[in-house]
Amino acid sequence: MKGDRTKPPSLEGDGRMPEPWTPSVGIVDHGMGNRRSVEKALERVGARAVLTADHDALRATDGLVVPGVGAFAAAMRAMRELGLDELVIERAAQGTPVLGLCLGMQLLFDSSTELGGDRGLGLLPGEVVALAPEPPSLKVPHIGWNEVAFTRSSPLLEGLGGREAFYHVHSFVAHPAEESDVLGRGDYGGPFASIVGRGDVYGVQFHPEKSSAAGLRLLANFTAVSARVAA
């Protein structure tokens, strides 16, 4: 359960907040990914970012971000060794908003075929497979700005147009089992799921902290979702 220090304070009799309240977003520190860059980006959009592997500290936040750069199996091994896999699953089951970034998005799914395969967090049904663009001459990993077309509305995408460009770096892509979980698709020698969401569990295949104004707006939207759920 959330700690009292993260809950919005009760309103005064005249309807005013007795003191300023800043929603907290925990960054799950499993040791892989641009954690400091994500921390700074969240602070820039008004969140109180908490970068930690401490379970009690992460349980006291209003939302969780799972970052990640590197190999799926290595990240999951680190998560399991620190008990962070069970913590994220537990908090998601309690209704806490969760956002996976890049590799962190892939970790939300059931499994990956990378390096012999491994199981993921299982918060979203589906599998992560190797990016196989057509023509094969396209370079893998896919690195750079790629336009993402939004496929349905979501609180994560409020204030953004029908499509935006985001900075991607990846060699694998998620194949959601349910089409309704796809919020936006990019195209790199074929379409791929770039933004996913089910309830308050979200994932983006790109790095919002490196994606200029659109990326910051997305992080601000997640912070707002976390604040609404906490309230």
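Two rings of Phe, Tyr or Trp count as an aromatic pair if their centres lie within 6.5 Å; planes under 30 degrees apart make the pair stacked, and planes over 60 make it edge-to-face. Keep that in mind for the later stops on this tour of a predicted model.

**Stop 1: the whole chain**

Start with a cartoon view of everything. You should find six helices and 13 strands. The radius of gyration is 17 Å, close to the 17 Å that the globule rule gives for 231 residues, so the protein is as compact as a globular protein of that length. Along the principal axes, the C-alpha atoms fill a box of roughly 65 × 40 × 30 Å.

Now switch on the surface. The protein exposes about 10000 Å², and carbon and sulfur atoms supply 50% of that area. Of the 231 residues, 51% count as buried. If you colour by charge, look for 22 positive and 28 negative side chains; the centres of the two sets lie 3 Å apart.

What share of the contacts between residues at least 6 apart in sequence joins residues at least 24 apart? The share is 69%.

**Stop 2: His142**

Next, select His142, which you will find in strand β8 (residues 142–150). Is His142 buried or exposed? With a relative accessible area of 3%, His142 is buried, because buried means under 20%. Show its surroundings as sticks: leaving aside neighbours within four places in sequence, His142 is in contact with Leu131, His168, Val169, His170, Tyr188 and Phe192.

**Stop 3: the aromatic pairs**

How many aromatic pairs does a search of the whole structure find? It finds two.

For one of them, stay in strand β8 and select Trp145, then add Tyr167 in strand β9 (residues 163–170). The ring centres of Trp145 and Tyr167 are 6.0 Å apart and the planes stand at 70°, so this pair is edge-to-face. Because the two residues sit in β8 and β9, the pair ties together parts that are 22 residues apart in sequence. Trp145 is partly exposed, with a relative accessible area of 48%, and Tyr167 is partly exposed as well, at 22%.

Now select Phe166 and Phe206. Their rings form a stacked pair, 4.0 Å centre to centre with 10° between the planes. Phe166 belongs to strand β9, while Phe206 sits in the loop between β13 (201–204) and α6 (212–230), so look 40 residues along the chain for the partner. Finish by turning the surface back on: Phe166 and Phe206 are both buried.

Conventions
Residues numbered from 1 in each chain as written. Predicted model: local features only at pLDDT ≥ 70, side-chain atom pairs only at ≥ 80, totals over all residues. Heavy atoms only, no water. Helix = DSSP H or I, 4+ residues; strand = E, 2+ residues; numbered from the N terminus. Rg over C-alpha atoms; globule rule 2.2 N^0.38 Å. Buried < 20%, exposed > 50% of the residue type's maximum accessible area, 1.4 Å probe, protein only. Contact = heavy atoms within 4.5 Å. Areas by Shrake-Rupley, 256 points an atom, 1.4 Å probe, with all protein chains shown as cover. Lys, Arg positive; Asp, Glu negative; His and termini not counted. Charge placed at Lys NZ, Arg CZ, Asp CG, Glu CD.
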